[in-house]
Amino acid sequence: MRFWRGVFLILLSMLAALAALAQRAPVHQSFDLRVPWMPEPVTVAGKTSLVYELHLTNEAQETLTIQRIEVIDEQQHVLAGLSGAALTAAIGRADRAKGDERLRMAPGMTAVAYLSVPLADASRVRLRHRVVYAGHADSDLIAEGGLVTPSSRSLLQLGPPLRGGPWVAIYDARWERGHRRVLYTTDGSVKVPGRFAIDWILLGPHGGFAKDKGELPKQWFGYAADVMAVADATVASTGEGIAEPATLAEGATHKVPLENAAGNYVALDLGDGRYAFYEHLKPGSIRVKTGQHVHRGEVIGQLGFTGESTGPHLHLHVSDANAPLAAEGLPYALKSFRVLGAYASIEDFAQGKPWTPTTPATSGEGFPAPLSVVDFGNSR
């Protein structure tokens with residue numbers, strides 16, 4: 001009797017084990033999800049958000065198609081979600097695939113999702129990323145990962161980099177070849193130095209950025225304008241010796257080596273691991289030397305047309321290392337400027353059309369909105 005009872009128990013346990021195996025959820029090879037940079041909040045036009053990138057690498061042996069990306073907190077609240085046209089627009093790939101083809105990823109392929117997550121208080125938030133995707137035979141599969149805790153250090157407050165105006169802030173995180181979407185891998189790891197870069201271009205009284213056809217650098221309204229230190233700081237490095245093309249046409253046809261992309265530049269050590277970069281400066285205009293201490297409002301050089309540039313402008317960005325390319329771009333806030341108006345589109349600006357004024361002009365503080373037109377005043 002004991003023998004048969006033992007056999008019965010063994011059979012029962014085997015059946016239970018088989019049932020457990022039958023109920024085990026399917027496992028799929030999918031995406032490796034990473035956030036290489038610890039995001040810091042930025043405030044644009046009064047709204048605070050996290051602006052960063054999610055890198056997705058297909059580690060499966062089949063093509064996977066991204067259907068949706070969600071950013072979730074520890075309570076599983078969805079803070080941001082992308083699907084459809086918004087998802088397609090937010091995805092970038094090194095092969096520059098177009099349209100929905102960006103979402104179809106072959107084995108080993110990496111894509112970058114450019115995210116902007118509204119977040120009033122990032123000091124106590126941990127974020128995860130949920131990717132809904134489809135494989136060869138299955139759809140609505142889910143991968144979660146890319147855990148990140150945003151930085152809680154205070155936002156950097158900077159003074160004006162230029163005098164007067166009207167200056168237009170040329171940038172937009174949605175542009176496929178804009179600063180934010182240009183990745184560099186020059187030191188063994190991918191970086192986005194221009195994540196929060198702005199190209200500042202001076203406008204004429206009635207719009208437009210140059211006299212006549214603007215074929216010569218000196219015809220641009222902002223050419224040779226004084227460039228100023230945005231804070232009391234120490235000069236971390238300078239880069240000089242880059243000549244200026246005689247005409248814009250010459251500049252367009254000349255291939256600039258990557259090491260000369262910044263043109264003549266000045267980097268200021270702002271402290272706390274943050275550096276301000278001023279790029280494309282006029283040849284012979286740099287007034288400071290490495291190690292020199294400068295004061296906020298002090299003239300350090302002049303706006304020019306050197307390096308990789310489509311026209312005279314001041315490129316300004318803040319990063320986490322004394323390197324033009326091998327550094328992560330950091331957010332900051334500008335103080336002491338007035339918002340005069342804005343361009344409706346980059347096409348209107350390029351065609352020399354008038355910008356739309358804000359009536360009355362408003363006091364600005366924070367990170368200027370894309371294509372906003374501002375006046376920095378004339379104080380030192």
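# Notebook: strands, pocket, cavity and salt bridges

I began with one residue pair and found that L50 stands opposite V117 in strand 8. The model I am reading is a predicted one.

**Entry 1. Strand pairing**

I looked up how the strands around that pair are joined. Strand 3 and strand 8 run antiparallel, with nine bridges between them. I then followed strand 8 to another partner and found strand 6, paired with strand 8 in the antiparallel sense over two bridges. For G92 I noted V112 as the bridge partner in strand 8.

**Entry 2. The second largest pocket**

I turned to the second largest pocket and noted a volume of about 570 Å³. Its lining has 25 residues, and I listed G92, R93, A94, Y114 and L183 as the closest to its centre. G92 I had already met as the bridge partner of V112.

Which strands supply at least two residues each to this lining? I wrote down strand 1 (31–34), strand 3 (47–58), strand 6 (91–92) and strand 8 (110–118). Which of the strands gives the most? That is strand 8, with four residues. I sorted the lining by class and got 11 nonpolar, 10 charged and four polar residues.

**Entry 3. The cavity**

Next I looked for enclosed space. The count of cavities of 30 Å³ or more came to one. I noted about 40 Å³ of space in the largest cavity. The residues lining this cavity are P36, W37, E53, H55, L183, V190, K191, V192, R195 and E328. By class I recorded five nonpolar, four charged and one polar.

L183 caught my eye, as I had it among the residues closest to the centre of the second largest pocket and now find it in the lining of the largest cavity.

**Entry 4. A salt bridge between two cavity-lining residues**

I kept E53 and R195 from the cavity list and checked them against each other. They form a salt bridge, and their closest N and O atoms are 2.6 Å apart. E53 sits in strand 3 and R195 in the loop between strand 12 (167–170) and strand 13 (198–202), so this pair ties together parts that are 142 residues apart in sequence. Are the two residues buried or exposed? I found E53 buried, and R195 buried as well.

**Entry 5. Other salt bridges**

How many salt bridges are there by this rule? I recorded 20.

I looked at E101 and R104, which form a salt bridge with the closest N and O atoms 2.9 Å apart. E101 has a relative accessible area of 37%, so I put it down as partly exposed. R104 is also at 37%, and therefore partly exposed.

Then I looked at E176 and R102, whose side chains meet in a salt bridge of 2.5 Å, N to O. E176 lies in the loop between strand 12 and strand 13, and R102 in the loop between strand 6 and strand 7 (104–105), so the pair ties together parts that are 74 residues apart in sequence. R102 counts as buried because its relative accessibility is 7%, under the 20% cut-off. E176 is partly exposed, because its relative accessible area is 42%, between the 20% and 50% limits.

I also noted one network, in which R68, E70, R128, R130 and E144 are joined by salt bridges that share partners.

**Entry 6. T88**

I placed T88 in helix 2 (residues 84–90). Why is T88 called buried? Because its relative accessible area is 10%, which is under 20%. Setting aside neighbours within four places in sequence, I listed its contacts as G99, D100, R102 and L103. R102 in that list is the residue that I had in a salt bridge with E176.

**Entry 7. F305**

Last, I looked up F305, which lies in the loop between strand 19 (299–302) and strand 20 (314–319). Its relative accessible area is 2%, so I marked F305 as buried. Without neighbours within four places in sequence, I found F305 in contact with P217, E244, P245, T247, L248, G251, H280, T310, G311 and P312. I also checked F305 against Y223, 82 residues away along the chain, and found their C-alpha atoms separated by 8.0 Å.

Terms used. Residues numbered from 1 in each chain as written. Predicted model: local features only at pLDDT ≥ 70, side-chain atom pairs only at ≥ 80, totals over all residues. Heavy atoms only, no water. 1 Å grid on protein atoms, 1.4 Å probe; cavity = no way out; pocket = protein on both sides within 12 Å on 5 of 7 lines; lining within 4 Å. Points joined across faces, edges and corners; volume = space filled by probe spheres on them. Nonpolar A, V, L, I, M, F, W, Y, C, P; charged D, E, K, R; others polar. Pairing = 2+ DSSP bridges. Buried < 20%, exposed > 50% of the residue type's maximum accessible area, 1.4 Å probe, protein only. Contact = heavy atoms within 4.5 Å. Salt bridge = Lys/Arg side-chain N within 4 Å of Asp/Glu carboxyl O.
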